[in-house]
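Subject: The structure I promised you

Hi,

Here is the structure for you to look through. Open it up, and then read on for what turned up in it.

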Amino acid sequence: MSYHRFVVIGDSCAEGLDDPYPGEDHYRGWADFVAARLAEDEPGFRYANLAVRGRRLDQIVPEQVPAAARLAPDLIALFGGGNDVMSRGWDARTVARRVDAAVRACTEISPAVVTFTLSDISHRMPLGSRMRPRIVALNDAIREAAVSYGAQLIDLWPDQAVTDSRYFGADRLHLSAHGHRRLAAYVLARLGVDHDPAWLEPLPGVAAGHGWRGDVQWLLREVLPVAVTRSRNRLIGRQPGDGFLPKRPDLLPITLDEAWAPGNA
């Protein structure tokens, strides 16, 4: 099956953090790789990315789904839930309802829907095991909603690449360029579209370990600034993602030049 109008909604993982275009100040990511590959098979292909970093599922549905519906996609991808997991006042039943509403809304506006579980952050983050039960609960809700509404599921939980730090950016949360290409390969395979097999091959060599010094540096460099920003935002009533705009709000053709080509590193 070929696709003509591909729309992506979600949070920073859908936007493409942490995979900046070489020499540019905006992000590429798995969705751009997928779009570039789909465009090779369909001259009239168009792609929009409405994702906004920091957004929870209860924000994605009212803010992004109506905009996506106006674009009349025949393929929509939803990547969200990570910010729900990290939010204060976590409640598994509330988040499960958000997941159900989000997946249902996507299937109501597009004949083909792709959604994703989250990987296990406990392998690469100190104290990440504390978040593990929340991610398990979120993933269970995503799997159930995918079955209920007929969405295509990309299940990242069992992916062994989660133990290799080279697939993730400096914050150990968002995917690196290697990780985004790997995820793009999973999406294309799920859609029945061939892709560069190198995207799923193990990286050569062995990833360097972090050690306790690396963990301390990570906490100071990545975690502490985020914690300070979140605390300040709560004081002033600012929501994560406020002030950011989608990187690609309109359905536009893909230019298959060197920057967009799927094989570009």
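Let's begin with Ala-72, which sits in the loop between H3 and E3. Keep in mind that this is a predicted model. Ala-72 is partly exposed, because its relative accessibility is 39%, and partly exposed covers the range between under 20% (buried) and over 50% (exposed). What is odd here is the backbone: Ala-72 has a positive phi of about 50 degrees, although it is not a glycine.

Arg-172 does something of the kind, with a positive phi of about 65 degrees, and it is not a glycine either. You'll find Arg-172 in the loop between E5 and H7. Is Arg-172 buried or exposed? Arg-172 is buried, with a relative accessible area of 6%.

One more backbone oddity: the peptide bond from Leu-17 to Asp-18 is cis, and its omega is near 10 degrees. Asp-18 belongs to the loop between helix H1 (12–15) and H2. Why point these spots out? Because most residues other than glycine have a negative phi, and most peptide bonds are trans.

Now the aromatic rings. How many aromatic pairs does the structure hold? There are five aromatic pairs. One of them joins Trp-30 and Phe-79, with 6.4 Å from centre to centre and 40 degrees between the planes, and this pair is tilted. Trp-30 is in helix H2 (residues 30–41) and Phe-79 is in strand E3 (residues 75–79), so the pair ties together parts that lie 49 residues apart in sequence.

Trp-30 also pairs with Phe-116: the ring centres are 4.9 Å apart and the planes are at 55 degrees, so this pair is tilted. To see why, recall that planes under 30 degrees apart count as stacked and those over 60 as edge-to-face, with the rest tilted. This pair, too, links distant parts of the chain, since Trp-30 is in helix H2 and Phe-116 in strand E4 (residues 113–116), 86 residues apart. Put together, Trp-30, Phe-79 and Phe-116 form one aromatic cluster.

How buried are these rings? Trp-30 has a relative accessible area of 0%, so it is buried. Phe-116 has 1% and is therefore buried as well. Phe-79 is buried too.

While you're in helix H2, have a look at Asp-32, which is also found there. Asp-32 has a relative accessible area of 3%, which means it is buried. Which side chain does the side chain of Asp-32 make a polar contact with? The partner is the side chain of Tyr-21, at 2.7 Å.

Another Asp to click on is Asp-159, in the loop between strand E5 (152–154) and helix H7 (177–190). Its relative accessible area is 14%, so Asp-159 is buried. Leaving out residues up to four places away in sequence, Asp-159 touches Arg-182 and Tyr-186. With Arg-182 there is a polar contact between the two side chains, at 2.9 Å.

Next, try showing two helices side by side: H3 (residues 57–70) and H5 (residues 92–109). They pack at an angle of about 5 degrees, and their axes are 10 Å apart. Because angles under 35 degrees count as roughly parallel, H3 is roughly parallel to H5. On the H3 side, the contact is made by Leu-57, Asp-58, Val-61, Val-65, Ala-68 and Ala-69. H5 brings in Arg-98, Val-99, Ala-101, Ala-102, Ala-105 and Ile-109. Sorted by class, the contact has 10 nonpolar residues, two charged ones and no polar ones.

Two residues of H5 make a nice contrast. Ala-105 is in helix H5 and, at 10% relative accessibility, counts as buried. Glu-108 is in helix H5 too, but it is exposed, with a relative accessible area of 60%.

Where does Tyr-149 come in? Measuring from C-alpha to C-alpha, Ala-105 and Tyr-149 are 9.6 Å apart in space and 44 residues apart in sequence. For Glu-108 and Tyr-149, the values are 9.2 Å in space and 41 residues in sequence.

Have fun clicking around, and write back with any questions.

Cheers

Technical notes
Residues numbered from 1 in each chain as written. Predicted model: local features only at pLDDT ≥ 70, side-chain atom pairs only at ≥ 80, totals over all residues. Heavy atoms only, no water. Axes fitted to C-alpha atoms, helices over the stretch in contact; angles between N-to-C directions. Helix = DSSP H or I, 4+ residues; strand = E, 2+ residues; numbered from the N terminus. Parallel < 35°, antiparallel > 145°, perpendicular 65-115°, else oblique. Contact = heavy atoms within 4.5 Å. Nonpolar A, V, L, I, M, F, W, Y, C, P; charged D, E, K, R; others polar. Buried < 20%, exposed > 50% of the residue type's maximum accessible area, 1.4 Å probe, protein only. Polar contact = N/O pair within 3.5 Å; in protein donor to acceptor, adjacent residues only side chain to side chain. Phe/Tyr/Trp six-rings, centres within 6.5 Å; stacked < 30°, edge-to-face > 60°.
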